[in-house]
Amino acid sequence: MNKSILVVRGSARKKGYTNLLCDEICNIYKNDSVTVFDAYAENPLPCTGCNFCENAGKCINRDLDKFFECFENADVIIFASPVYNGTFTSPVKTLLDRFQVYYTGFYANGKVQQIKKHRKAYLVAASGRDGEKAFDYMQKQLACSCSILNIQLVQSFLCPFTDTEPQYEKALSEIIRSLHNEETQK
């Protein structure tokens, strides 16, 4: 049975390390249904805290309707972002903020999951320097979001030192090994 894979690209650099790793991930899942959401190209509107979602159960802005549908139906979600100022790039952070519609629903309905389907997620990040502290923060931030979105953050991968001595091959090897192990366990 084919899985539905959602890859959230958070890099503006088409040939940057984050996007190169995303391309390899798409190759791993080539026999599945893969949707790539380019956060920079889509440029999601920010959450304004208007509370519309609190009563309506949906966001007042309609720019992410197709994304939300894909997000809710995905079996696996890959969040990929370079490290910018110690966290995700602004389009990915904006996307995480727009999950407010699910957070509001979760708490308004007595902590009942708004998305019934349990999914798995991975985090892929690239950092110009060491990036360990920022990467740890990104993992914690994403894991917090995932807990309310009925997602298990399975594993995270960091490609550090992209400004000097990129560890791309090492990161790619870890990703391939982990995702292939996941595939063989299904």
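Let me begin with disulfides: a search of the whole structure, which is a predicted model, finds zero of them. Two of the cysteines show why. The sulfur of Cys47 has its closest cysteine sulfur in Cys53, and because the two are 6.5 Å apart they are too far from each other for a bond, given that a disulfide calls for sulfur atoms within 2.5 Å. For Cys70 the closest cysteine sulfur belongs to Cys26, at 12 Å, which is again too far for a bond. The surroundings of these two cysteines can be described as well: Cys47 counts as partly exposed, with a relative accessibility of 36%, whereas Cys70, at 18%, counts as buried.

Cys70 also leads us to the interior, since Cys70 is among the residues that Leu6 touches. Leaving aside residues up to four places away in sequence, the contacts of Leu6 also include Thr35, Phe37, Phe67, Phe71 and Ile77. Leu6 belongs to the largest nonpolar core, which has 36 residues, and together with Phe67, Phe71, Ile77, Phe79 and Phe99 it touches the most other members. Among the elements that give two or more residues to this core are β1 (4-9), α4 (65-73), β3 (76-82) and α5 (90-98), and α7 gives the most, with six residues. There is also a second, separate core of 21 residues, and Ile5, Leu21, Tyr29 and Cys159 are included in it. As a general remark, nonpolar side chains tend to be buried together in soluble globular proteins.

Now, how are the strands arranged? Five of them form an open sheet with parallel pairing, and if you follow the sheet across you meet them in the order β2-β1-β3-β4-β5. At the edges are β2, residues 33-38, and β5, residues 151-159, each of which pairs on one side only. On average, and ignoring direction, neighbouring strands of this sheet are turned by 15 degrees against each other. If we look at one pair in detail, β4, which covers residues 119-126, is joined to β5 in the parallel sense over eight bridges, and within this part of the sheet Tyr122 stands opposite Gln155 of β5.

Finally, I would like to turn to helix α6, where the buried residues are Val101, Tyr102, Tyr103, Thr104, Gly105 and Phe106. What do these buried residues of α6 pack against? Their partners are α3 (52-56), α4, α5 and α7. Just after α6 comes Gly110, which takes a positive phi of about 70 degrees.

Methods:
Residues are numbered from 1 along each chain as its sequence is written. This is a predicted model: local features need pLDDT of at least 70, side-chain atom pairs count only at pLDDT 80 or more; totals for chains, interfaces and linings use all residues. Side-chain values use heavy atoms; hydrogens and water are left out. Two strands pair if DSSP finds at least two bridges between them. Helices (H or I, at least four residues) and strands (E, at least two) are DSSP runs, numbered from the N terminus. Axes are lines fitted to C-alpha atoms, for helices over the stretch in contact, and angles run from 0 to 180 degrees between N-to-C directions. A nonpolar core is a set of buried Ala, Val, Leu, Ile, Met, Phe, Trp, Tyr and Cys residues joined through side-chain atoms within 4.5 Å. Buried means under 20% relative accessible area, exposed over 50%, partly exposed in between (1.4 Å probe, protein chains only). Contact means heavy atoms within 4.5 Å.
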